[in-house]
Amino acid sequence: MSLREFLGQAEKEKEVLHVKDSVSTRFQIAYVMKQFDCEGPILYFDDVKDFETSVIANVSGTRKRVCSALGVSQELLCRRMIEVWRCPIRPKIVKSATVKECVQRDVDLSKIPVLRHFESDAGPYITSAVVHARSIDGNIENVSVHRLEVLDKKHLAIRLVPRHLASLFQAARKAGKDLDVAISVGVHPAVLLAASSPLPFGVCEYDVANAMLNGGLKLTECERVNASAVADAELVLEGRILASKEVAEGPFVDITGTCDVQRKQPVVDVVGVMHRENYIYHALLSSGMEHLILMGLPHEALIWDAVSKVVPKVCAVNLSKGGSGWLHAVISIEKQVEGDGKNALLAAFAAHPSLKHAVVVDSDIDVFDVSDVEWAVATRFQGSEDLVVIENVRGSTLDPSADQEKVLTSKVGFDATRPFSKPKERFERARIPIDRSLEKLVRRLKKL
Ligand code: MN
């Protein structure tokens with residue numbers, strides 16, 4: 001299953017909006033993307049000024065589309081993700097890959113329609129790439145998503161948060177070696193979701209993506225570097241993260257929609273470019289819905305799993321849009337004993353270290369409806385009893401209100417589950433009897 005196949009399916013379902021007008025990669029495409037950001041269609045920019053290549057955006061921009069890409073219902077998404085995390089399957093490696101249709105001898109990144117997104121960004125950024133690397137002994141493989149700043153025709157700055165790829169790179173650097181990477185752009189949503197999943201070091205995210213696609217992922221070895229790429233990706237950059245070079249990377253607007261600071265980061269020397277004939281470039285608006293969904297969904301599954309271990313039943317988890325799909329969680333549970341709500345909060349904070357505020361509600365509350373959640377806080381929550389504040393814990397580097405140097409933050413949990421000390425009826429939403437005979441009347445009135 002490739003991105004191309006998924007787009008074909010989305011076209012049939014009328015989920016794709018073609019933009020025929022000529023638009024520029026310099027802010028214009030980002031501007032249009034922003035206007036369609038909430039529950040919007042896939043945007044297909046056919047005419048990109050100064051480029052032959054088409055640009056697509058907002059591919060995984062709605063939960064519904066992600067679920068359809070994975071062939072799973074929204075209710076079962078978390079379960080499905082946890083299932084595949086536990087049963088990764090090695091993908092097939094193929095020699096003849098569609099991404100090898102065009103192999104560029106002269107690397108020139110300025111020929112790729114990389115977007116300028118926000119005016120405060122340091123430059124054009126590739127934001128939808130999955131990066132594969134092997135440890136120098138070849139025993140460990142890792143795939144993860146990294147923002148890549150285009151520095152010149154042959155070089156990218158790569159942001160390495162202190163996670164798996166950073167560890168592989170540090171080890172290579174200690175041995176005095178560059179780290180080979182395959183950078184795949186234009187991949188199926190399952191590959192991006194797997195690469196954003198919080199898996200243990202040593203589990204290759206490609207294997208998880210392959211399990212998610214029921215064995216349908218194919219890889220291909222790069223020609224110039226020791227790394228493997230997605231065989232039916234739209235575009236692959238072959239590169240080496242240089243052991244002995246660093247540049248100032250950023251500023252860059254990240255998931256919160258605020259500007260992330262400039263830091264010294266490593267440089268990728270791009271030594272090869274391969275792409276499909278008439279390749280499509282996948283643009284991803286940082287802080288847009290697609291970004292929130294790809295980073296958020298795997299972490300909702302992580303929270304769901306962790307909370308399931310301490311309370312009898314978790315009904316739903318939402319890393320909400322207002323919390324940038326990253327800092328705020330709403331979790332609905334079936335509470336059995338007093339205290340379940342607080343245990344659920346502690347489990348959620350432990351599972352997702354970037355989580356800052358969390359609300360636990362009963363199963364009658366819709367975690368995706370902000371007003372419903374607020375209503376639960378208004379009618380079931382007492383600050384003196386139900387509030388959990390934890391100071392000086394590890395938070396997110398992306399939260400400007402936290403100590404971004406030490407990455408310390410305060411976490412606040414709201415146990416908005418109904419207390420057992422009072423009768424249940426007092427907390428129930430009052431009902432008006434359903435009268436089917438009035439349905440026609442209401443429909444007519446609503447049309448007026
Ligand atoms: Mn990993």
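1. Conventions. Two strands pair if DSSP finds at least two bridges between them. Helices (H or I, at least four residues) and strands (E, at least two) are DSSP runs, numbered from the N terminus. This is a predicted model, in which local features need pLDDT of at least 70 and side-chain atom pairs count only at pLDDT 80 or more, while totals for chains, interfaces and linings use all residues. Residues are numbered from 1 along each chain as its sequence is written, and side-chain values use heavy atoms, with hydrogens and water left out.

2. Strand E20 and its partners. Strand E19 (residues 313-319) and E20 run antiparallel, joined by 6 bridges. Lys-313 has Glu-334 in E20 as its bridge partner. E20 also runs parallel to strand E21 (residues 357-362), again through 6 bridges. Here Val-330 is matched with Val-359 in E21. Of the 7 residues of E20 (residues 328-334), 5 are buried (under 20% relative accessible area, 1.4 Å probe, protein chains only), so the strand is largely enclosed by the rest of the structure.

3. The four-stranded sheet. An open sheet of 4 strands has the order E1-E2-E3-E18, and its pairing is mixed. Strand E1 (16-19) and strand E18 (280-283) are the edges; each has a single partner strand, so one side of each is left without a neighbour in the sheet. Neighbouring strands are turned by 25° against each other on average, direction ignored. The axes behind such angles are lines fitted to C-alpha atoms, for helices over the stretch in contact, and angles run from 0 to 180 degrees between N-to-C directions. E1 pairs with strand E2 (residues 42-45) in the parallel sense over 4 bridges. Leu-17 stands opposite Leu-43 in E2.

4. The three-stranded sheet. This open sheet of 3 strands is ordered E4-E12-E13, with mixed pairing. E4 and strand E13 (228-230) stand at the edges with a single partner strand each, so one side of each lacks a neighbour in the sheet. E4 and strand E12 (residues 218-221) run parallel and are joined by 2 bridges. Opposite Ile-93 stands Leu-219 in E12.

5. Manganese site. Which protein atoms serve as donors of the manganese ion? They are Asn-142 (OD1), His-164 (ND1) and Glu-205 (OE), lying 2.0 to 2.2 Å from the ion. The sequence spacing of these donor residues is N-x21-H-x40-E. His-164 lies in helix H5 (residues 164-174) and Glu-205 in helix H7 (residues 205-212), so the pair ties together parts 41 residues apart in sequence. Both His-164 and Glu-205 are buried. One caution applies to the donor list. Donors are N, O and S atoms within 2.8 Å of the metal (3.2 Å for Na, K and Ca), and water is not among the atoms, so sites may look incomplete.

6. Helix H7. 8 of the 8 residues of H7 are buried, so the helix is largely enclosed by the rest of the structure. Among them are Glu-205, Tyr-206, Asp-207 and Val-208. Asn-214 follows H7 and has a positive phi, near 50°.

7. Lys-100. Is this lysine buried or exposed? Lys-100 is buried, at a relative accessible area of 17%. Lys-100 sits in the loop between strand E4 (92-93) and strand E5 (102-104). Its side chain makes a polar contact (N or O atoms within 3.5 Å; within protein, one must be able to donate a hydrogen and the other to accept it, and residues adjacent in sequence count only if both atoms are side-chain atoms) with the side chain of Glu-223, at 3.1 Å. Leaving out residues up to four places away in sequence, Lys-100 touches (heavy atoms within 4.5 Å) Lys-95, Thr-220, Glu-221, Glu-223, Met-274 and His-275.

8. Aromatic pairs. Rings of Phe, Tyr and Trp (its six-membered ring) pair if their centres lie within 6.5 Å; planes under 30 degrees apart count as stacked, over 60 as edge-to-face and the rest as tilted. The count by this rule is 2 aromatic pairs. The rings of Tyr-125 and Phe-252 have centres 4.2 Å apart and planes at 45°, so this pair is tilted. Tyr-125 lies in strand E6 (residues 125-126) and Phe-252 in strand E15 (residues 252-253), so the pair ties together parts 127 residues apart in sequence. Tyr-125 and Phe-252 are both buried. Phe-381 and Phe-414 also form a tilted pair, 5.3 Å centre to centre with 45° between the planes. Phe-381 is buried, with a relative accessible area of 15%. Phe-414, at 24% relative accessibility, counts as partly exposed (between the buried limit of 20% and the exposed limit of 50%).
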